[in-house]
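Hello,

Here is the structure I promised to pass on to you. Have a look at it first, and then read on for what turned up in it.

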Amino acid sequence: MRLAAGILLLLLSGCWGVRRRLMLKRRCTLLGELRLLLEHYSIEIACTAPTLGELAAGGSGEFGEILRECAADTPDIRIAWKAAVERLAALPYCGAEEAALLQELGKSLGTCPAESELALLRLYSARLDRLSEQAEKVSEQKGRLYSSGGILAGLAAAVLLL
């Protein structure tokens, strides 16, 4: 019985560590998707100067999907953008920094001429690049710590039970 409990503790703490590591990696993936989304928006604005609603309809990645779903619920794209950011921020792997950045972008995107919009997107893209670099470093450092720490804590608990 104690052996089964020890193995269960080892598995639970190991899974916790691996899950935390995967969340860090998922945040890096999300930031990469957001950078690609801003790049896509820049290309669209440079070529066709669409409205914010048209940009939202053609977005890709997880935020693009959430934005399309929210836009289908309301005719006001600003309200849809805000709702999409709130839904994204509720995800366990989304950081407060990227949610705040998207919220700021949603307030200013679509309010100025195309040249200004492109400059604005370059600025936010650079900010996302910095966030992405930081997230990659954290993922490398803490990811290993979480997975090995979880396994070691499970081993220690299992040894104490036995």
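Is Glu-69 buried, partly exposed or exposed? Glu-69 is partly exposed, with a relative accessible area of 41%. Please keep in mind as you read that this is a predicted model.

**The overall layout**

The chain has 162 residues, and 37% of them count as buried. Its secondary structure comes to 6 helices and 0 strands, so from the N terminus on you will meet α-α-α-α-α-α. 

**The core**

The largest nonpolar core has 35 residues, and those with the most contacts inside it are Tyr-41, Phe-63, Trp-81, Leu-105 and Leu-109. Each of the helices α1, α2 (52-57), α3, α4, α5 and α6 (114-161) supplies at least two residues of this core. The largest share, 8 residues, comes from α1.

Two of those core residues also meet as rings. The structure holds 1 aromatic pair. The ring centres of Phe-63 and Trp-81 lie 5.2 Å apart and their planes stand at 75°, so the pair is edge-to-face. Since planes over 60 degrees apart count as edge-to-face, the angle settles the label. Phe-63 belongs to helix α3 (residues 61-73) and Trp-81 to helix α4 (residues 77-89), so the pair ties together parts that are 18 residues apart in sequence. Phe-63 counts as buried at 2% relative accessibility, and Trp-81 is buried too, with a relative accessible area of 1%.

**Helices α3 and α5**

Helix α3 has 13 residues and reaches 19 Å from its first C-alpha to its last, close to the 18 Å expected at 1.5 Å a residue. Its buried residues are Glu-62, Phe-63, Gly-64, Ile-66, Leu-67 and Cys-70.

Helix α5 (residues 96-108) also has 13 residues, which should span 18 Å at 1.5 Å a residue; its end C-alpha atoms are 19 Å apart, which agrees. Buried in α5 are Glu-98, Ala-99, Leu-101, Leu-102, Leu-105, Gly-106 and Ser-108. When you look at these two lists, one general point may help: an α-helix has 3.6 residues a turn, so residues three or four places apart point the same way. Just after α5, Gly-110 takes a positive phi of about 90°.

**Salt bridges**

How many salt bridges are there? The count comes to 6. Three of the pairs are described here.

- Arg-27 forms a salt bridge with Glu-97, and the closest N and O atoms are 3.0 Å apart. This pair links distant parts of the chain, with Arg-27 in helix α1 and Glu-97 in helix α5, 70 residues apart. Arg-27 counts as buried at 18% relative accessibility, whereas Glu-97 counts as partly exposed at 44%. The cut-off explains the label for Arg-27, because buried means under 20% relative accessible area.
- Glu-69 and Arg-87 meet through their side chains in a salt bridge, at 2.6 Å from N to O. Glu-69 lies in helix α3 and Arg-87 in helix α4, so the pair ties together parts that are 18 residues apart in sequence. Arg-87 is partly exposed, with a relative accessible area of 38%.
- Arg-127 and Glu-104 meet in a salt bridge as well, at 3.0 Å from N to O. Arg-127 lies in helix α6 and Glu-104 in helix α5, so this pair ties together parts that are 23 residues apart in sequence. Arg-127 counts as partly exposed at 26% relative accessibility, and Glu-104 is partly exposed with a relative accessible area of 34%.

One of these pairs belongs to a wider arrangement: Arg-27, Glu-97 and Glu-98 are linked in a network of salt bridges. Glu-98 is among the buried residues of α5.

**A patch on the surface**

Which residues form a nonpolar patch on the surface? They are Leu-3, Ile-7 and Leu-11, with about 290 Å² of accessible area together. Leu-11 is found in helix α1 (residues 2-48).

If you would like a place to start, try the ring pair of Phe-63 and Trp-81, then move on to the salt bridge between Glu-69 and Arg-87. Both pairs bring α3 and α4 together, the rings in one case and the charged side chains in the other.

Enjoy exploring it!

Best wishes

Definitions and conventions. Residues are numbered from 1 along each chain as its sequence is written. This is a predicted model: local features need pLDDT of at least 70, side-chain atom pairs count only at pLDDT 80 or more; totals for chains, interfaces and linings use all residues. Side-chain values use heavy atoms; hydrogens and water are left out. Patches are made of residues with over 30% relative accessible area and no salt bridge: like charges are joined within 9 Å, nonpolar side chains (Val, Leu, Ile, Met, Phe, Trp, Tyr) within 5 Å. Accessible areas come from the Shrake-Rupley method with a 1.4 Å probe; for residues, only the protein chains shown count as cover. A salt bridge is a side-chain nitrogen of Lys or Arg within 4 Å of a carboxyl oxygen of Asp or Glu. Helices (H or I, at least four residues) and strands (E, at least two) are DSSP runs, numbered from the N terminus. Rings of Phe, Tyr and Trp (its six-membered ring) pair if their centres lie within 6.5 Å; planes under 30 degrees apart count as stacked, over 60 as edge-to-face and the rest as tilted. Buried means under 20% relative accessible area, exposed over 50%, partly exposed in between (1.4 Å probe, protein chains only). The expected span of a helix is 1.5 Å times one less than its number of residues. A nonpolar core is a set of buried Ala, Val, Leu, Ile, Met, Phe, Trp, Tyr and Cys residues joined through side-chain atoms within 4.5 Å.
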